[in-house]
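User: I should like to understand how the labels given to parts of a structure follow from their definitions. Please take me through the reasoning step by step.

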Amino acid sequence: MWVHNACDFSKVPKAPTGKGSVPPGERDPKRAFSRSETDEMLQDQGGKCLGCGEPKTLSEVDGHHLKRHADGGRTVKEEGAALCKECHKEVHASNKK
Ligand SMILES: [Zn+2]
Ligand SMILES: [Zn+2]
């Protein structure tokens, strides 16, 4: 059975939920990473998801803001990471258990 490695939250901190600290008008107008930016981030990570460290292809990853967009994170490679869908879901999951 295939088991997903746990996401490494030391590299990819849990994204906060709720209202952002930066007003919408002051946020980076570019909301999401393009496919080519996500590809570059994936290559910079050695072709692996930053969360679980599994080798991934571009179609299996999402561009993620390490600093939340609503908290002033910019949509630039330096502030982003390529995460597989599983890890991406995990970092955005509510902290409440
Ligand atoms: Zn992953
Ligand atoms: Zn994300």
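User: Why is Cys84 called buried or exposed?

Analyst: Buried means under 20% relative accessible area, exposed means over 50%, and partly exposed lies in between, with a 1.4 Å probe and protein chains only. Cys84 has 3% relative accessibility, so Cys84 counts as buried. Cys87, at 0%, is therefore buried as well. This is a predicted model, in which local features need pLDDT of at least 70, side-chain atom pairs count only at pLDDT 80 or more, and totals for chains, interfaces and linings use all residues. Residues are numbered from 1 along each chain as its sequence is written, chains are lettered from A and ligands numbered from 1 in the order in which they are written, and side-chain values use heavy atoms, with hydrogens and water left out.

User: What makes residues the protein donors of the zinc ion (ligand 1)?

Analyst: Donors are N, O and S atoms within 2.8 Å of the metal (3.2 Å for Na, K and Ca); water is not among the atoms, so sites may look incomplete. The SG atoms of Cys49, Cys52, Cys84 and Cys87 lie 2.3 to 2.4 Å from this zinc ion. Along the sequence, these donor residues have the spacing C-x2-C-x31-C-x2-C.

User: Why is the arrangement around the zinc ion (ligand 1) called tetrahedral?

Analyst: Four donors count as tetrahedral if all angles lie between 85 and 135 degrees. The four donor atoms here subtend angles of 104 to 116°, so the arrangement is tetrahedral. The ideal angle for four tetrahedral donors is 109.5 degrees.

User: Which residues are the protein donors of the zinc ion (ligand 2)?

Analyst: They are His64 (ND1), His88 (NE2) and His92 (NE2), at 2.0 to 2.1 Å from the ion. Their spacing along the chain is H-x23-H-x3-H. Because His64 belongs to strand β1 (residues 61–65) and His92 to helix α2 (residues 85–92), the pair ties together parts that are 28 residues apart in sequence. Helices (H or I, at least four residues) and strands (E, at least two) are DSSP runs, numbered from the N terminus. His64 has 2% relative accessibility and is therefore buried, whereas His92, at 40%, counts as partly exposed.

User: How do you know on which side of α2 its buried residues lie?

Analyst: The buried residues of α2 are Cys87, His88 and Val91. They cover an arc of only 100° around the axis, so they are on the same side of α2. The arc is that of the directions from the helix axis to the C-beta atoms. These buried residues pack against β1 and β2 (80–84), where contact means heavy atoms within 4.5 Å.

User: What makes the pairing of Lys85 and Asp62 a salt bridge?

Analyst: A salt bridge is a side-chain nitrogen of Lys or Arg within 4 Å of a carboxyl oxygen of Asp or Glu. The side chains of Lys85 and Asp62 meet at 3.0 Å, N to O. Since Lys85 is in helix α2 and Asp62 in strand β1, the pair ties together parts that are 23 residues apart in sequence. Lys85 has 41% relative accessibility and so counts as partly exposed.

User: How many salt bridges does this rule give?

Analyst: The count comes to seven salt bridges. One of them joins Glu37 and Lys30, at 2.7 Å from N to O. Glu37 has 17% relative accessibility and is therefore buried, while Lys30, at 33%, counts as partly exposed.

Definitions and conventions:
Tetrahedral: all angles 85-135°; square planar, octahedral: opposite > 155°, others 65-115°.
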